[in-house]
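Student: Please take me through one part of this model closely. I would like the open sheet and the helices that pack on it, with enough context to judge how far to trust them.

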Amino acid sequence: MPAAIVAENLTKVYVRRRSLRQIAARPLRAAERVTALDGVSVEAREGEIFGLLGPNGAGKTTLLKIIACLVLPSGGRALVNGHDVTRDDRAVKRSIGFVTSDERSFYWRLTGRENLNFFGRLYGLEPAACRGRATELLEAMDLGAMADQQFLDYSSGMRQRLAVARALLHDPPIICLDEPTRSLDPIAAKHLRRFAVERLNRERGKTLLLATHNLQEAEEMCGRLLVLHRGRVLRQGTVAEVTRGLPGRDQYVLAVAGVAEPPRDPRWAIAVDNRDGELLRLSASVDRDGDALSDLLRRLLDGRGRILSCARREPSLQEVFDQIEAGGGGGGAAGARGAS
Ligand SMILES: Nc1ncnc2c1ncn2[C@@H]1O[C@H](COP(=O)(O)OP(=O)(O)O)[C@@H](O)[C@H]1O
Ligand SMILES: [Mg+2]
């Protein structure tokens, strides 16, 4: 599949503005420079859902903004549908819709329809075409019934769907979503995720670039992703490729009966979380490779235990980062340049 987005060795250095008071206190001090992106290379293919995964401050928004021509890179190159972001911003902007989770970007006293008409005109749509497009998108986003209500009366989920409608006004093939579920409750978040996958990606064939700090969200939605940390790509590939081969151990939660004490072995560490009569609830951290898990379960059974449940606990994003960092992840054993 052709590349929708290609970034090569992108860097972004911000110069942090100092307040008047800071300048007055230390007039000669040089302005602080923040490296938000430090040599980021990435390629997202046409029609895929590609994730940018990273904690706060990783550089996700900066990367999306460069791709959407909202911020200029300090170095490197980014192409959107073959157009260079620094040379051909009109063509890039035509190719991209940007969904932020920042509600302040709408006019709160205007209705959803009025907001879309306003932004549509800003994007250069003719008035009649703009009105038609707004009506069509309000219906498509299940906002028809709320179209003529003020934005301030919208729920968080509706606001976010209106942000998606706004990004679709000029019908771009690529949609950037910057933490679209950040302010949503779990049910609204689930709806929005499903909407993005089924309606935007599968039905309309949009390429989605999704920034998120939520590993589960990335896992559920993205075919491939990159893990960004302090402006660098730690890993890139499918979810399995990104989490596979992490140094360290897998975490399991077990409920066992008929065992007085859990077995000891250098290949695992077990903590007893709770004792309830003969029922033990255990947290086990087990070597990932080899037969460690089988041996642990066998030892429990051989000791006349009964295993009532055994579940692998998915590592949290923080644990993934911790493990990658502990393993000297900067270079990315699984390939910062991405297995595909
Ligand atoms: N306009 C700006 N001026 C100065 N520093 C900025 C600016 N925007 C972002 N940064 C800094 O750049 C880094 C990356 O920020 P950002 O791209 O917003 O990360 P993320 O979206 O992953 O949270 C952070 O350290 C942030 O403080
Ligand atoms: Mg951000």
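Tutor: Start with confidence, since this is a predicted model. The chain averages a pLDDT of 89, and 93% of the residues score at least 70. Among the elements, strand β4 (residues 75-80) has the highest mean pLDDT, at 97. Helix α11 (residues 317-326) has the lowest, at 69. Residues 329-340 fall below 50. That stretch still has 30 contacts in the model beyond near neighbours in sequence.

Next, the setting. The chain holds 11 helices and 14 strands. Its C-alpha atoms fill a box of roughly 75 × 55 × 50 Å along the principal axes. Of its 340 residues, 39% count as buried. Take the contacts between residues at least 6 apart in sequence: 72% of them join residues at least 24 apart.

Now the sheet. It is open and has six strands, in the order β6-β7-β8-β3-β9-β10. The pairing is mixed. Strands β6 (96-99) and β10 (232-238) stand at the edges. Each has a single partner strand, so one side of each is left without a neighbour in the sheet. From one strand to the next, the twist averages 15°.

Look inside the sheet at one pair. Strand β3 (residues 49-53) and strand β9 (residues 224-229) run parallel, joined by four bridges. Here Leu52 stands opposite Leu226 in β9.

Two helices can be placed against these strands. Helix α7 (residues 186-203) packs on the sheet and touches β3, β7 and β8 (207-212). The direction of α7 makes about 155° with that of β8. With a cut-off of over 145° for roughly antiparallel, α7 therefore runs roughly antiparallel to β8. Helix α6 (residues 156-168) lies across β6 and β7 (174-178). Its angle to β6 is about 165°. By that cut-off, α6 is therefore roughly antiparallel to β6.

The two helices also pack on each other. Their axes are 9 Å apart, at an angle of about 20°. That makes α6 roughly parallel to α7. The crossing is right-handed. On the α6 side, the contact is made by Ser156, Gly157 and Gln160. On the α7 side, Ala188, His191 and Leu192 take part.

One loop residue in this region deserves a look. Glu179 sits between β7 and α7. Its phi is near 45°, a positive value in a residue other than glycine. Most residues other than glycine have a negative phi. Is Glu179 buried or exposed? Glu179 counts as buried, because it has 21 C-beta neighbours inside 10 Å and the cut-off is 20 or more.

For contrast, go to Arg304. It lies in the loop between α10 (292-302) and β14 (306-313). Its phi is also positive, near 65°, and again the residue is not glycine. Arg304 has 10 C-beta neighbours inside 10 Å, so it counts as exposed. Thus Glu179 is buried, whereas Arg304 is exposed.

Key. Residues are numbered from 1 along each chain as its sequence is written. Chains are lettered from A and ligands numbered from 1 in the order in which they are written. This is a predicted model: local features need pLDDT of at least 70, side-chain atom pairs count only at pLDDT 80 or more; totals for chains, interfaces and linings use all residues. A residue is buried if 20 or more other C-beta atoms lie within 10 Å of its own, exposed if 12 or fewer, and partly exposed in between; C-beta atoms are placed from the backbone. Two residues are in contact if their C-beta atoms, placed from the backbone, lie within 7 Å. pLDDT is the predictor's confidence in each residue, from 0 to 100. Two strands pair if DSSP finds at least two bridges between them. Axes are lines fitted to C-alpha atoms, for helices over the stretch in contact, and angles run from 0 to 180 degrees between N-to-C directions. Angles under 35 degrees count as roughly parallel, over 145 as roughly antiparallel, 65 to 115 as roughly perpendicular and the rest as oblique. A crossing is left-handed if the near helix is turned anticlockwise from the far one by less than a right angle, and right-handed if clockwise.
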